[in-house]
Amino acid sequence: MPQQLAIIVLVDVGNALASSTLEGNTYLFDNMKLHGSENQGTGELVTAINGSYWRDGSQASEQVLNWLPYSLGSIPPTVPRGYEVERARQTDEQALAELQELAAKSTVPSADAEAELNRIRRSVGTRVKTTRRTRGRMSGQKIVDVTGQVVTEDATAAASYPAPVITDIYGEAVESKIMYPAEYGSPDMVTDGWYWSATVDTSRPGTYSYMMRVQLHKLVQTNGELRWDPVNLTCASALKITSEPRRNAFTKAGIGPLPIPSTARPGRGA
């Protein structure tokens, strides 16, 4: 079974939306740094893919890649995807309790009661409008900040952006039939159930570029209603396929048993 490599696509969504480009606002990482990947943590990542061959030179196996897009400065990706729903339910319950307490205090309208009612209204937060293009996880959800607190219409600058979504992978590596990407479903609680993966032909050494089409979401207000509008941008990256034999990342030598130093067993060799 081929080794599976992960490529993290970390996007500064706020700056990318402000400048309408992913260039300079995307940071790519993979787990092949010790095997030759270049420009880790930048937008010019070149992922090293060392071919796997039998002794007669024939290809032993393909390489599998997995792309994981995340948003910089948003709710951590390790938080389960039902977190926003749970926070919305908690704020609704808290507001109902405070309304009951306010009603019990006084039945006579007053300035203090009106101020308290406005405070409760603000603490409930604001829900985004559901549109045909934003159905699914973001439909009807409240807007929360990076700390999980709901925000209102006049404080949307602190909103946590939804995670970027890769919608397509194309370019030289795909057209040259070096890479075969596709979108797959998964019950993973973090990646929202969908992710992009690809099989790479390691029998043809060389450097091949590819493009990712990434969808971000911008919070806009129209006719007094908030909604997440999709914004499609592109990001470039590359693969470097070599025919070098695989190396042990710890010893820099060929793969095989780790050079664990022998130690005398208790009660022996003393």
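**Why we call it that: strands, salt bridges and a patch**

Reader: Why is E116 called partly exposed?

Author: E116 has a relative accessible area of 29%. Buried means under 20% and exposed means over 50%, with partly exposed in between, so 29% puts E116 in the middle class. Bear in mind that this is a predicted model.

Reader: What makes R119 and E116 a salt bridge?

Author: The cut-off is a side-chain nitrogen of Lys or Arg within 4 Å of a carboxyl oxygen of Asp or Glu. For R119 and E116 the closest N and O atoms are 2.9 Å apart, so the pair qualifies. Both residues sit in helix α3 (residues 111-124), three residues apart, or about one turn of the helix. R119 is partly exposed too, at 38% relative accessibility.

Reader: And what makes E86, R89 and E93 one network?

Author: They are joined by salt bridges that share partners. E86 pairs with R89, with the closest N and O atoms 2.3 Å apart, and R89 also pairs with E93, at 2.5 Å. Set against the limit of 4 Å, both pairs count as salt bridges. A search of the whole structure finds eight salt bridges.

Reader: Where do those residues lie along the chain?

Author: In helix α2: E86 and R89 are three residues apart, while R89 and E93 are four apart. Each spacing is about one turn of the helix. In general, an α-helix has 3.6 residues a turn, so residues three or four places apart point the same way.

Reader: Which exposure class do E86, R89 and E93 get?

Author: Partly exposed, at 33% for E86, 37% for R89 and 45% for E93.

Reader: How do you know that α2 has the span expected of a helix?

Author: Helix α2 (residues 83-105) has 23 residues and reaches 33 Å from its first C-alpha to its last. The expectation at 1.5 Å a residue is 33 Å, and the reach is close to that. The buried residues of α2 include R87, A88, A95 and L102.

Reader: Why is L96, also in α2, called exposed?

Author: Its relative accessible area is 51%, and the bar for exposed is over 50%, so L96 passes. L96 joins L99 and L117 in a nonpolar surface patch of about 240 Å².

Reader: On to the sheet: what makes β2 and β8 edge strands?

Author: The open sheet of five strands runs β2-β1-β6-β9-β8, with mixed pairing. β2 (26-30) and β8 (179-185) each have a single partner strand, so one side of each has no neighbour in the sheet. From one strand to the next the twist averages 25 degrees.

Reader: How do you know that β8 and β9 pair?

Author: Two strands pair if there are at least two bridges between them. Seven bridges join β8 to β9 (residues 194-200), and the two run antiparallel. As one example, Y180 has T199 in β9 as its bridge partner.

Reader: What makes the pairing "mixed"?

Author: Look at β6: with β1 (residues 4-11) it pairs in the parallel sense over eight bridges, but with β9 it runs antiparallel, with five bridges. V9 has P69 in β6 as its bridge partner, and W67 is partnered by W196 in β9.

Reader: Why is β6 described as mostly covered?

Author: Nine of the nine residues of β6 (residues 63-71) are buried. Both faces are covered, with W67 and P69 among the buried residues on one side and L68 and Y70 among those on the other.

Notes:
Residues are numbered from 1 along each chain as its sequence is written. This is a predicted model: local features need pLDDT of at least 70, side-chain atom pairs count only at pLDDT 80 or more; totals for chains, interfaces and linings use all residues. Side-chain values use heavy atoms; hydrogens and water are left out. Axes are lines fitted to C-alpha atoms, for helices over the stretch in contact, and angles run from 0 to 180 degrees between N-to-C directions. Patches are made of residues with over 30% relative accessible area and no salt bridge: like charges are joined within 9 Å, nonpolar side chains (Val, Leu, Ile, Met, Phe, Trp, Tyr) within 5 Å. Accessible areas come from the Shrake-Rupley method with a 1.4 Å probe; for residues, only the protein chains shown count as cover. Buried means under 20% relative accessible area, exposed over 50%, partly exposed in between (1.4 Å probe, protein chains only). The expected span of a helix is 1.5 Å times one less than its number of residues.
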